[in-house]
Amino acid sequence: MVRLKGFVKPEDQIGMVRMCRQPGKGPGGFYRPSFKNGAKLNLWMMSLGKNWDSTLRSYGPTRPFDGAQTPTIPDAFKMIALTANSTASEFPQINPDVCIVNYYTNSGKLGLHQDKDESDRSLTKGLPFISISIGDTAEFLFGDTRDKDQATKINLESGDVLILGGESRLLFHGVSHVKTNTTPTWLKEATGLRPGRINLTFRQY
């Protein structure tokens, strides 16, 4: 696992917020996903490239609940993810065909979980996923089990990139809480970003 502190340049953070806004408001945009038992996750989600269904835990070209086509991943997003991937040279290079965009409000959180719905080929090779944080700081948890009391905690700030691959690919990870009023002033002024955090996770199915 590698953390690249402040890797995403301010102008690129501004661009990512703006490029998330248009598809986020349209068909296939942000919605509150559910678990199998019907409970809602404590975040808003949008899939780019391929849709990830939280109930079926599978990928597809459209969202089953409304038939919306999944928006494409902007080339600028891919370039930032690939540059981060190359910088952390200990990981194999991916061809990102999925980007899951999560928006956490100030009360948003995500329990410890594993990202293991990708193809057997991707998981067997330990291909990394690349996570970009924008907006408010999040307390990020990770560990070998789902026990949050034993998990390691780190802060992910706006512009940070976290890459998990190889032996760390199936670590349990989550977000315990979002730290309010920690978005950089320049980002709020340039984008009008609401309080909260945007997280973009790139992966190869």
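# Briefing: sheet, pockets and a buried salt-bridge network

Strands β2 and β5 pair in the antiparallel sense, over five bridges. This is a predicted model. Both strands belong to an open sheet of six strands. The structure also holds seven salt bridges. Its largest pocket has a volume of about 730 Å³.

**The six-stranded sheet**

- The strand order is β1-β10-β7-β12-β5-β2. Pairing in this sheet is antiparallel.
- The edges are β1 (2-4) and β2 (44-48). Each of these edge strands pairs on one side only.
- On average, neighbouring strands of the sheet are turned by 15° against each other, direction ignored.
- In the pairing of β2 with β5, Met46 stands opposite Val101 in β5.
- Strand β5 also runs antiparallel to β12, and seven bridges join the two. Here Ile100 stands opposite Thr201 in β12.
- Strand β12 (residues 197-203) is joined to β7 (residues 129-135) by six bridges. These two strands run antiparallel as well.
- Thr201 in β12 is the bridge partner of Ser131. Thr201 thus has a place in two pairings, with Ser131 and opposite Ile100.

**Strand β5: enclosed on both faces**

- How many of the seven residues of β5 (residues 98-104) are buried? Seven of the seven are, so the strand is largely enclosed by the rest of the structure.
- Both faces of β5 are covered. One side carries Val98, Ile100, Asn102 and Tyr104, all buried.
- The other side of β5 carries Cys99, Val101 and Tyr103, also buried.
- The two residues of β5 named in the pairings lie on opposite sides: Ile100 on one and Val101 on the other.

**The largest pocket**

- The volume is about 730 Å³. The lining has 36 residues.
- Nearest the centre lie Leu110, Gly111, His113, Asp115 and His173.
- Which elements give two or more residues to this lining? They are β5, β6 (110-113), β7, β8 (137-143), β11 (172-179) and β12.
- Among these contributors, β5, β7 and β12 are also strands of the six-stranded sheet.
- By class, the lining has 14 nonpolar, twelve polar and ten charged residues.

**The second largest pocket**

- This pocket holds about 420 Å³ of space. It is lined by 13 residues.
- The closest to its centre are Arg21, Lys25, Phe30, Tyr103 and Arg194. Of these, Tyr103 is a buried residue of β5.
- Helix α1 (residues 10-25) gives the most to the lining, with five residues.
- Seven nonpolar, three polar and three charged residues make up this lining.

**The salt-bridge network**

- Asp115 forms a salt bridge with Arg203. The closest N and O atoms are 3.2 Å apart.
- This pair links distant parts of the chain, 88 residues apart. Asp115 sits in the loop between β6 and α3 (120-124), and Arg203 in strand β12.
- Both Asp115 and Arg203 are buried. Asp115 is also one of the residues nearest the centre of the largest pocket.
- Arg169 and Glu118 meet in a second salt bridge, at 2.7 Å from N to O.
- Arg169 lies in the loop between β10 (161-164) and β11, and Glu118 in the loop between β6 and α3, so this pair ties together parts that are 51 residues apart in sequence.
- Where do these two side chains stand, buried or exposed? Arg169 is buried, with a relative accessible area of 2%. Glu118 also counts as buried, at 5% relative accessibility.
- Glu118 has another partner: its side chain meets that of Arg203 in a salt bridge of 3.2 Å, N to O.
- Glu118 and Arg203 are 85 residues apart, again linking distant parts of the chain. Glu118 is in the loop between β6 and α3, whereas Arg203 is in strand β12.
- Arg203 is buried because its relative accessible area is 6%, under the 20% cut-off.
- Which residues do the shared partners join into one network? The salt bridges connect Asp115, Glu118, Arg169 and Arg203.

Conventions:
Residues numbered from 1 in each chain as written. Predicted model: local features only at pLDDT ≥ 70, side-chain atom pairs only at ≥ 80, totals over all residues. Heavy atoms only, no water. Pairing = 2+ DSSP bridges. Helix = DSSP H or I, 4+ residues; strand = E, 2+ residues; numbered from the N terminus. Axes fitted to C-alpha atoms, helices over the stretch in contact; angles between N-to-C directions. Buried < 20%, exposed > 50% of the residue type's maximum accessible area, 1.4 Å probe, protein only. 1 Å grid on protein atoms, 1.4 Å probe; cavity = no way out; pocket = protein on both sides within 12 Å on 5 of 7 lines; lining within 4 Å. Points joined across faces, edges and corners; volume = space filled by probe spheres on them. Nonpolar A, V, L, I, M, F, W, Y, C, P; charged D, E, K, R; others polar. Salt bridge = Lys/Arg side-chain N within 4 Å of Asp/Glu carboxyl O.
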